[in-house]
Amino acid sequence: MTARPLLIVAGIGNGTGQCPIPRIFSKAGYRVAIIARDAEHLNRLVTELSTSGGEVPAFPIPEYTYEGTMRVLDSIAQHRWPSAAASEVRAALWNVGVNVFGSFLAVTEKDITDSLQVHVTAGFAFARKVILAFKENALDENGCRGTLLFTGATASVRGNVLTSAFAAGKFGIRALSQSLAKEFGKENIHVAHIIIDGSILTDLTLSRRSGEAGEAWKADPNVRIDAESIAKSYLYLTQQDRSAWTWELDLRPAHEKW
């Protein structure tokens with residue numbers, strides 16, 4: 001029996017990791033394992049996606065530490081799926097972030113530690129487990145053993161007045177992704193980093209814009225990013241032929257100032 005492709009998503013929130021990514025990959029034939037700190041939110045999402053026939057189990061994680069990330073990936077590897085076919089990890093997304101903003105002199109040791117632990121240290125653990133799984137795979141029809149994706153931000157490439165701690169973590173995970181792309185491309189493992197440069201239309205971002213201005217922003221795809229469009233771009237990256245792989249992809253609305 002042919003193995004089913006598995007997508008592992010770490011970081012499911014009210015943004016890039018909300019329903020569109022698991023749903024779109026599920027429609028493309030993937031099983032999807034989703035990891036997040038909010039168990040209640042995870043369970044709601046699983047219930048929603050399971051009604052459409054997808055195999056989308058939830059894996060809560062207390063904190064994104066190196067050991068915690070390794071353990072949750074071990075749990076995914078041992079998971080028993082409802083249908084009989086085996087799974088192969090063919091795609092993985094590190095979509096985790098911690099918002100640490102403030103002036104440099106107000107940044108605490110905990111702020112720095114949180115940013116680096118969540119963005120970089122746990123990201124290393126995730127990448128290690130995923131790449132080891134990819135190395136077990138045969139080449140697919142596109143000449144790829146697996147695709148590892150990292151969600152970045154404007155702060156991944158440009159610091160700003162209130163982003164010293166946040167940008168340090170985002171710069172770090174971008175550097176990791178580039179290093180992995182160069183090291184493991186030779187083994188037909190695709191690694192890509194996606195810069196999300198703009199506001200994503202979510203319940204949270206909409207709640208920050210009230211009245212007519214909020215409705216106008218919601219209705220205008222020139223000025224905000226659609227989460228479903230992000231998900232489609234992520235799926236596209238997993239489908240690229242080995243003769244033309246993307247390492248870094250910028251996503252922004254048409255009228256975004258950059």
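These are my notes on helix packing, a surface patch and one loop residue in a predicted model.

**Helix packing**

I began with helix H3 (residues 66-78) and helix H4 (residues 109-134), whose axes lie 8 Å apart and which pack at an angle of about 30 degrees. Angles under 35 degrees count as roughly parallel, and H3 and H4 are therefore noted as roughly parallel to each other. I also looked up the handedness, and the crossing of H3 and H4 is right-handed.

I then turned to H4 and H5, whose axes cross at roughly 20 degrees and come within 8 Å. That makes H4 roughly parallel to H5. For this pair I again wrote down the handedness, since H4 passes H5 in a right-handed crossing.

**Surface patch**

Which residues make the nonpolar surface patch of about 330 Å²? I found Phe 101, Val 161 and Leu 162 there. I followed Val 161 further and placed it in the loop between strand S5 (146-153) and helix H5 (164-184). Val 161 counts as exposed because its relative accessibility is 68%, and the cut-off for that word is over 50%.

**Loop residue Asn 188**

Most residues other than glycine have a negative phi. With that in mind I checked Asn 188, which is not a glycine and yet has a positive phi of about 65 degrees. Its place is in the loop between H5 and strand S6 (189-196).

Is Asn 188 buried or exposed? I entered Asn 188 as buried, because its relative accessibility is 19% and buried means under 20%.

Notes
Residues numbered from 1 in each chain as written. Predicted model: local features only at pLDDT ≥ 70, side-chain atom pairs only at ≥ 80, totals over all residues. Heavy atoms only, no water. Patch = residues over 30% accessible without salt bridge, like charges linked within 9 Å, V, L, I, M, F, W, Y side chains within 5 Å. Areas by Shrake-Rupley, 256 points an atom, 1.4 Å probe, with all protein chains shown as cover. Salt bridge = Lys/Arg side-chain N within 4 Å of Asp/Glu carboxyl O. Helix = DSSP H or I, 4+ residues; strand = E, 2+ residues; numbered from the N terminus. Buried < 20%, exposed > 50% of the residue type's maximum accessible area, 1.4 Å probe, protein only. Axes fitted to C-alpha atoms, helices over the stretch in contact; angles between N-to-C directions. Parallel < 35°, antiparallel > 145°, perpendicular 65-115°, else oblique. Left-handed = near helix turned anticlockwise from the far one by under 90°.
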